[in-house]
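Trainee: Could you walk me through this one before I set anything up? I would like to go through the sheet, the helices, the cores and the charged pairs.

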Amino acid sequence: MRILTLIKYTLDVAEIKVDPESKELRMSGVPERIGNIDKNVVEAAVRLKETTEATLQALCLGPQAAKESFKDVLAMGLDEVFLVEDPFGGAADARVVVRILESAIRKLGPFDLILCGFASDDGYTYQVPPRLAERLDLPLVSYARRLTLSDGQLQADRDLEDSLQTVAVSLPALVSIAEEAFPPRRTTLMDAIKAKKKPVN
């Protein structure tokens, strides 16, 4: 089984400050990294790997500088990361981003399951999961809080704010992970050492 996680290299939102005089956000000098939401996605994938022995790959649309941050998610348990260098410097809208991701996924695939965040740390457009599922002609399970795989079928608990809905869908499928679901694990020094040997393409 092949599972693909979509990850994004974004501004560290915790480091964004407000200028006391202009009251505008200070964006210059803010460090970038793999977003918190995306690390939750990787954690969800790693948990599935532990029960299915799946192969875990990640796809990131971003700058070459993103490579340095991949060591963190590789240490969590990903097997491999693919970087598509962003020709728009992060300025493309969701429609364009989805077309690029679709093209890369079709080239790298097929995948049994694609996992992504319900949104990104810096964008919150909520558009990528449904647009990408439509482009790839895959069923979409959104806002997932629990995932299990069995006999080619995915079962998930969906977060509906005031309740949970349990759904089942045949693979292949695309799943968006709910906010704060699957908190990422702590990695060890040995995990970090192993991560250095994993491929970044």
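Mentor: We can take those topics in turn, keeping in mind that this is a predicted model.

Trainee: Okay, sheet first: in what order do the eight strands come, and is the sheet open or closed?

Mentor: The eight strands form an open sheet in the order S7-S6-S1-S8-S12-S9-S10-S11, and the pairing in it is mixed. Strand S7 (80-85) and strand S11 (164-170) are the edge strands, each pairing on one side only. Neighbouring strands of this sheet are turned by 30° against each other on average, with direction ignored.

Trainee: Which way do S9 and its partners S12 and S10 run, parallel or antiparallel?

Mentor: With S12, strand S9 pairs in the parallel sense over three bridges, whereas with S10 the pairing is antiparallel and runs over six bridges. Alanine 144 shows both sides of this, since its bridge partner in S12 is isoleucine 177, and arginine 158 in S10 also stands opposite alanine 144.

Trainee: And what's in the hairpin of S9 and S10?

Mentor: That hairpin has two residues between the strands, and aspartate 151 in it takes a positive phi near 50°. Another positive phi, near 55°, belongs to aspartate 137, which follows H4.

Trainee: What about S1 and S8, how many bridges join them?

Mentor: S1 and S8 run parallel and are joined by three bridges, and leucine 4 stands opposite isoleucine 114 in S8.

Trainee: Switching to helices: which strands do H1 and H3 lie across?

Mentor: H1 lies across S1, strand S6 (55-62), S8, S9 and S12, and its direction is at about 170° to S1. H3 lies across S1, S6, S7 and S8, running at about 145° to S6.

Trainee: Which residues of H4 are buried?

Mentor: In H4, which spans residues 128-136, the buried residues are Pro129, Leu132, Ala133 and Leu136. They sit on the same side of H4, because the arc they cover around the axis is only 100°. The elements that cover them include strand S1 (2-7), helix H3 (94-108), strand S8 (113-117), strand S9 (140-150) and strand S12 (173-177).

Trainee: Now the cores. Which residues touch the most other members in the largest nonpolar core?

Mentor: That core has 40 residues, and Leu113, Leu115 and Leu147 are the ones that touch the most other members. H1 gives the most to this core, with six residues. If you leave out residues up to four places away in sequence, leucine 115 touches Ile3, Leu4, Thr5, Leu6, Val41, Ala44, Ala45, Leu48, Leu147 and Val175. There is also a second, separate core of 19 residues, which includes Leu4, Val98, Ile105 and Leu138.

Trainee: Last topic, charges: how many salt bridges does the count come to?

Mentor: The count comes to 10 salt bridges, taking a Lys or Arg side-chain nitrogen within 4 Å of an Asp or Glu carboxyl oxygen as the rule. One of them is between arginine 185 and glutamate 43, at 2.8 Å from N to O. That pair links distant parts of the chain, 142 residues apart, with arginine 185 in the loop between S12 and helix H5 (189-195) and glutamate 43 in helix H1 (residues 36-52).

Trainee: Are those two buried or exposed?

Mentor: Arginine 185 is partly exposed, with a relative accessible area of 29%, while glutamate 43 is buried, with a relative accessible area of 3%. Both also belong to a network of salt bridges that links Glu43, Arg47, Glu50 and Arg185.

Trainee: And which residue does aspartate 157 meet in a salt bridge?

Mentor: Aspartate 157 meets arginine 146, again through the side chains, at 2.8 Å from N to O. Aspartate 157 lies in strand S10 (residues 153-159) and arginine 146 in strand S9, so the pair ties together parts that are 11 residues apart in sequence. Aspartate 157 is buried, with a relative accessible area of 12%, whereas arginine 146 counts as partly exposed at 29%.

Trainee: What about glutamate 102, where does its partner sit?

Mentor: Glutamate 102 forms a salt bridge with arginine 106, and their closest N and O atoms are 3.0 Å apart. The two are four residues apart in helix H3, which means that about one helical turn separates them. Glutamate 102 counts as buried, at 9% relative accessibility.

How values were computed: Residues numbered from 1 in each chain as written. Predicted model: local features only at pLDDT ≥ 70, side-chain atom pairs only at ≥ 80, totals over all residues. Heavy atoms only, no water. Buried < 20%, exposed > 50% of the residue type's maximum accessible area, 1.4 Å probe, protein only. Arc of directions from axis to C-beta. Contact = heavy atoms within 4.5 Å. Pairing = 2+ DSSP bridges. Axes fitted to C-alpha atoms, helices over the stretch in contact; angles between N-to-C directions. Core = buried A, V, L, I, M, F, W, Y, C linked by side-chain atoms within 4.5 Å.
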